[in-house]
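This report is written for a reader meeting the structure for the first time. It turns to selected residues, to the aromatic rings and to the confidence of the prediction.

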Amino acid sequence: MKTEAQTASSPLTASHGSVWTTFKKQKAFQFFVLAGMLFLLVFSYGPMIGILMAFKDYRIVDGVGGIFTSDWIGLRHFKDFVTDYNFETLVKNTLILSFLKLFFSFPVPILFAIMLNEMRSQVFKRIIQTVSYLPHFISWVVVTGILYAFFSTDVGIINDMLMQIGVIDKPLDILTDSNYFWGLAVTSSIWKEAGWWTIIFLASIAGLDPSLYEAAEIDGATRLQRIRHVTIPGIKGSIIVVLILSLGNILGGGLVGSNFEQSFLLGNPLNSDTSQIVQTYAFNVGLAQGRFAFATAIDFIQSVIALTLILSSNYVAKKVSGSSLF
């Protein structure tokens, strides 16, 4: 007969054996998970040690060890940034560009997904969907070259075409005039990223129960009514999750991101009054001036704001609609 101790330990042994057996059966998948965890540890959690620089008098000559041995200076870098003469312009440009992108770019993939879902020709639908998300894989360096080819004052296709048909008398300074920068940034980011985000909403629509559409059609609902009362309520959860993620990254450009890339690549001294944002300022002072601790403080402020927006928007969404990210 088994002793009482052996009887008590047998469920644990069986459980351990079951876990190990499952792990061996899924070892290929487990290695993928391990690779993802290592990636997060090395590139996401490891660098967080550098946040200490925001509160220290760190100099690059001190090396990595200087992050821990430098003198504490408290909130001096944060105060220097808030009192900087560029602070008001930087914050204004960042917020305006980010909210413009959120306002105009967020509805686009939702509407586009609904339009694709309503297409009768599956072949045409696949072609349009493929073409729409391909720009996502093009780097912003290449996109900037494309914009230059289209809107440059000397070789731009758009300016040349408009002048030939008599719409304008001289080329438009779209790439250098500060009045055009926000519009150019928003439209180019929508063109590049909207098709990619459409995939999420298409997948959400594909998961809806077809019987709901059949019941609505039997009740006499038109196509627009089926979209309004079946499709949109059915993907409400996905819309809220994407909105929360967009609000968390609103300082980086929201749903379409790319604030830094666009401002850095499309920005120039002629349009700097609208193209210079917090991220490019932190990049310039961090590398060009060697003020790594000061740049870290600026990025830390953005991270705190992003975390606050994610938590608050998630809380509001959960209270209002019952759907949330966590």
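Gln 279 belongs to helix H16, which spans residues 278-288. The model described here is predicted, and in it Gln 279 has a relative accessible area of 14%. Because this value is under the 20% cut-off, Gln 279 is classed as buried.

The surroundings of Gln 279 can be described through its contacts. Apart from neighbours within four places in sequence, Gln 279 is in contact with Thr 94, Leu 251, Gly 252, Asn 259, Phe 260 and Gln 302. With one of these residues, Leu 251, there is a link to the backbone: the side chain of Gln 279 reaches the backbone oxygen of Leu 251 at 2.5 Å. Asp 299 stands 20 residues from Gln 279 in sequence, and their C-alpha atoms are 7.6 Å apart in space.

A second residue may be described in a similar manner. Ser 313 is placed in helix H17, residues 292-321. Its relative accessible area is 11%, so Ser 313 is buried. The side chain of Ser 313 reaches the backbone oxygen of Ile 310 at 3.1 Å. When residues up to four places away in sequence are not counted, Ser 313 touches Ile 244 and Leu 247.

**Aromatic rings**

The count of aromatic pairs comes to 15. Two of them are set out below.

| Pair | Centre to centre | Angle between planes | Arrangement |
|---|---|---|---|
| Phe 103 and Phe 104 | 5.0 Å | 90° | edge-to-face |
| Phe 150 and Phe 151 | 6.4 Å | 45° | tilted |

The accessibility of several of these residues is also available. Phe 103 has a relative accessible area of 60% and is therefore exposed. Phe 104, at 43% relative accessibility, counts as partly exposed. Phe 150 likewise counts as partly exposed, at 35% relative accessibility.

Elsewhere, one aromatic cluster is formed by Phe 81, Phe 87, Tyr 281 and Phe 294. The ring of Phe 294 also has a charged partner: Arg 291 lies over its face, at 4.1 Å from the ring centre.

**Confidence of the prediction**

How high is the mean pLDDT of the protein? The mean is 87, and 95% of the residues reach 70 or more. Over residues 4-9, by contrast, pLDDT stays under 50. For residues 4-9 the model has one contact beyond four places in sequence.

How values were computed:
Residues are numbered from 1 along each chain as its sequence is written. This is a predicted model: local features need pLDDT of at least 70, side-chain atom pairs count only at pLDDT 80 or more; totals for chains, interfaces and linings use all residues. Side-chain values use heavy atoms; hydrogens and water are left out. Helices (H or I, at least four residues) and strands (E, at least two) are DSSP runs, numbered from the N terminus. Buried means under 20% relative accessible area, exposed over 50%, partly exposed in between (1.4 Å probe, protein chains only). Contact means heavy atoms within 4.5 Å. A polar contact is a pair of N or O atoms within 3.5 Å; within protein, one must be able to donate a hydrogen and the other to accept it, and residues adjacent in sequence count only if both atoms are side-chain atoms. pLDDT is the predictor's confidence in each residue, from 0 to 100. Rings of Phe, Tyr and Trp (its six-membered ring) pair if their centres lie within 6.5 Å; planes under 30 degrees apart count as stacked, over 60 as edge-to-face and the rest as tilted. A charge sits over a ring if NZ of Lys or CZ of Arg is within 6 Å of the ring centre and within 35 degrees of the ring normal.
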